[in-house]
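Here are some exercises to work through with the model open beside you. Try each task before you read its solution.

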Amino acid sequence: MSLTQEFELPDVIQGGMGIAVSTWQLAREVSAHGGLGVVSATAIDSVIARRLQDGDSTGEIRRAFASFPNQSIAAEILHFYFNDNGRNPGAPYLDVPKLSLKPAKLTNNLLVISAFTEVWLAKENNSGLIGINALEKIQLATPATLYGAMLAKVDYVLMGAGIPTEIPELLRQFADHKAVKLAVDVSDAKSKHFLAFDPAQISVANLNLVKPKFLAIISSHALAAYLAKDEKTRPDGFIVEGSSAGGHNAPPRSKDSVGEDGQTKFTELDEADLTKVAKTGLPFWLAGGYGTPANLAAAKAQGAIGIQVGSLFALADESGFTRTIKDELLEKLATDTLNVKTDPFASPTGFPFKIVEISGTLSDASAFDDRARNCDLGYLRVPFERPQGGIGYRCPGEPIKTYEFKGGASEHNSRSKCLCNALMADIGLGQLRVDGSAELPLVTFGSDLAGAKELSKIHPKGWTAVQVLNFLHSVS
Ligand SMILES: Cc1cc2nc3c(=O)[nH]c(=O)nc-3n(C[C@H](O)[C@H](O)[C@H](O)COP(=O)(O)O)c2cc1C
């Protein structure tokens, strides 16, 4: 049996997007119609905690919680965050504890049940395949999130934005409910640091767990070869993502990487050699501007199983973007005024980030300048070893003086945007501030608009996830 026959391989993967742009509703629709539906793991604890504070009006979170195998954890989280009547007008959200190398029990419990919930809802009454997408950079959330997703029988784990060497082994350990120690990148460290997570804390060791398939999201053939060469690090497949993809992009390889227009400049050095990826013998999908029927066929002709598509699905009715954001994007597509820039400095991660220019969002220089810098969600904080000992956490998006005081140094610091708060605002879960202001969105989208323009001609008022699948599978 060849490797590719060992597991089911859909030809369309709906990419994991944003903070809950890839909702369970979107993933479920895609999966029920033959694609791989993917929910986003990023900040999933805040997403669930805020939906609960808004009253869980459809009851879906409590329905998932009722199926969580440890009911005392479900009760604890409801006690902390559920507000039957929703928040009072003007009341801010109660924040969840920040991630750390020594997480509180509540942090792990909330991560586990939140990931469980999003996957469980995507799989409810649905026999299709569901994946969860996590960012390698948010290491401190990884173990508890992936364990929670496995409790809900997630079929695939997808991970990019870093080099996910430890994930295959971690998933194997979790299938046996074994404790793990994840090596964590700590700046200025003189010794190695690990994040420990023991499933015994969740007390559900009697459940049978299956190791999900792991797809590494990469942009270079060298990384494909590196990950594939050792059984310990070898994924079950690759998503090869090019530089036009929405969200973060891999850092450019050329030295002179900022163009005269202030955008990240990509060159042919940033294009993966697909024959070398194919040589690993592992199945792969292509992402970044592949969302057209012609490009699905072209990807297959290059040896790929299919494609991963994000932008088209981000505009689907079932995605988490607010209706206002979707309508704004559709209007811009119709009038040919959708401008997507690759900003080298906006993301605290240091990776290039695609940004749509929309007035009234943080893409607006004046709106960005007016925002009081604040780091209260902290998903992109990086741990560092303090000179006097102990671990601190810093993020280039926090107030500049605080960041510098913590030893953070970057000439581009002042241009870092708070993605955590902005991406929560993108999905209607933005924080309110004491002065009455609300956090503003910042919208990301792929820069190759061919598929979105074609689809917007067929469905000018917007589309559903199934209409995206039908479009991709239509004869070009
Ligand atoms: C709104 C949006 C948010 C995204 N967020 C993420 C993310 O959090 N993690 C990730 O691995 N990829 C993310 N992506 C990339 C998609 O998963 C997918 O690979 C990409 O969109 C494919 O290219 P396309 O935009 O041309 O369809 C995002 C894409 C979009 C459009």
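**Exercise 1: Asp-95 and its surroundings**

Leaving aside neighbours within four places in sequence, Asp-95 is in contact with Arg-50, Tyr-81, Asp-376, Leu-377 and Gln-431, where contact means heavy atoms within 4.5 Å. Before going on, note that this is a predicted model, in which local features need pLDDT of at least 70 and side-chain atom pairs count only at pLDDT 80 or more, while totals for chains, interfaces and linings use all residues. Residues are numbered from 1 along each chain as its sequence is written, and side-chain values use heavy atoms, with hydrogens and water left out.

Task: describe where Asp-95 is found and with which side chain its own side chain makes a polar contact.

Solution.
- Step 1. Find the element: Asp-95 is in the loop between helix H4 (71–81) and H5. Helices (H or I, at least four residues) and strands (E, at least two) are DSSP runs, numbered from the N terminus.
- Step 2. Check the accessibility: with a relative accessible area of 26%, Asp-95 is partly exposed. On this scale buried means under 20% relative accessible area, exposed over 50%, and partly exposed in between (1.4 Å probe, protein chains only).
- Step 3. Look at the side chain: Asp-95 makes a polar contact of 3.1 Å with the side chain of Arg-50. A polar contact is a pair of N or O atoms within 3.5 Å; within protein, one must be able to donate a hydrogen and the other to accept it, and residues adjacent in sequence count only if both atoms are side-chain atoms.
- Step 4. Compare sequence and space: Asp-95 and Ser-46 are 49 residues apart along the chain, and their C-alpha atoms are separated by 7.2 Å.

**Exercise 2: two loop residues with positive phi**

Task: for His-177 and Asp-336, decide which is buried and which is exposed.

Solution.
- Step 1. Begin with the backbone: His-177 has a positive phi of about 55° although it is not a glycine. Asp-336, also not a glycine, has a positive phi of about 60°.
- Step 2. Place them: His-177 lies in the loop between helix H7 (167–175) and strand E5 (180–184), and Asp-336 in the loop between helix H12 (323–334) and strand E11 (340–343).
- Step 3. Apply the cut-offs: His-177 has 13% relative accessibility and so counts as buried, whereas Asp-336, at 55%, is exposed.
- Step 4. Follow the buried side chain: that of His-177 reaches the backbone oxygen of Leu-207 at 2.7 Å. Beyond neighbours within four places in sequence, the contacts of His-177 include Tyr-147, Pro-199 and Val-204.

**Exercise 3: how H5 meets H6**

Task: work out how the axes of H5 and H6 cross and which residues meet.

Solution.
- Step 1. Take the geometry: the axes of helix H5 (residues 105–123) and helix H6 (residues 142–151) come within 7 Å and cross at roughly 40°. Axes are lines fitted to C-alpha atoms, for helices over the stretch in contact, and angles run from 0 to 180 degrees between N-to-C directions.
- Step 2. Classify the angle: H5 and H6 are therefore oblique to each other. Angles under 35 degrees count as roughly parallel, over 145 as roughly antiparallel, 65 to 115 as roughly perpendicular and the rest as oblique.
- Step 3. List the partners: Asn-108, Leu-111, Val-112, Ala-115, Phe-116 and Val-119 in H5 meet Ala-144, Thr-145, Tyr-147, Gly-148, Ala-149 and Leu-151 in H6.
- Step 4. Sort them by class: the contact of H5 with H6 has nine nonpolar, three polar and no charged residues. Ala, Val, Leu, Ile, Met, Phe, Trp, Tyr, Cys and Pro count as nonpolar, Asp, Glu, Lys and Arg as charged, and the others, Gly among them, as polar.

**Exercise 4: H16 against H17**

Task: carry out the analysis for H16 and H17.

Solution.
- Step 1. The axes of helix H16 (residues 450–458) and helix H17 (residues 465–472) come within 11 Å and cross at roughly 110°.
- Step 2. That makes H16 roughly perpendicular to H17.
- Step 3. Gly-451, Glu-454, Leu-455 and Ile-458 of H16 make the contact with Gln-467, Val-468 and Phe-471 of H17.
- Step 4. By class, these residues divide into four nonpolar, two polar and one charged.
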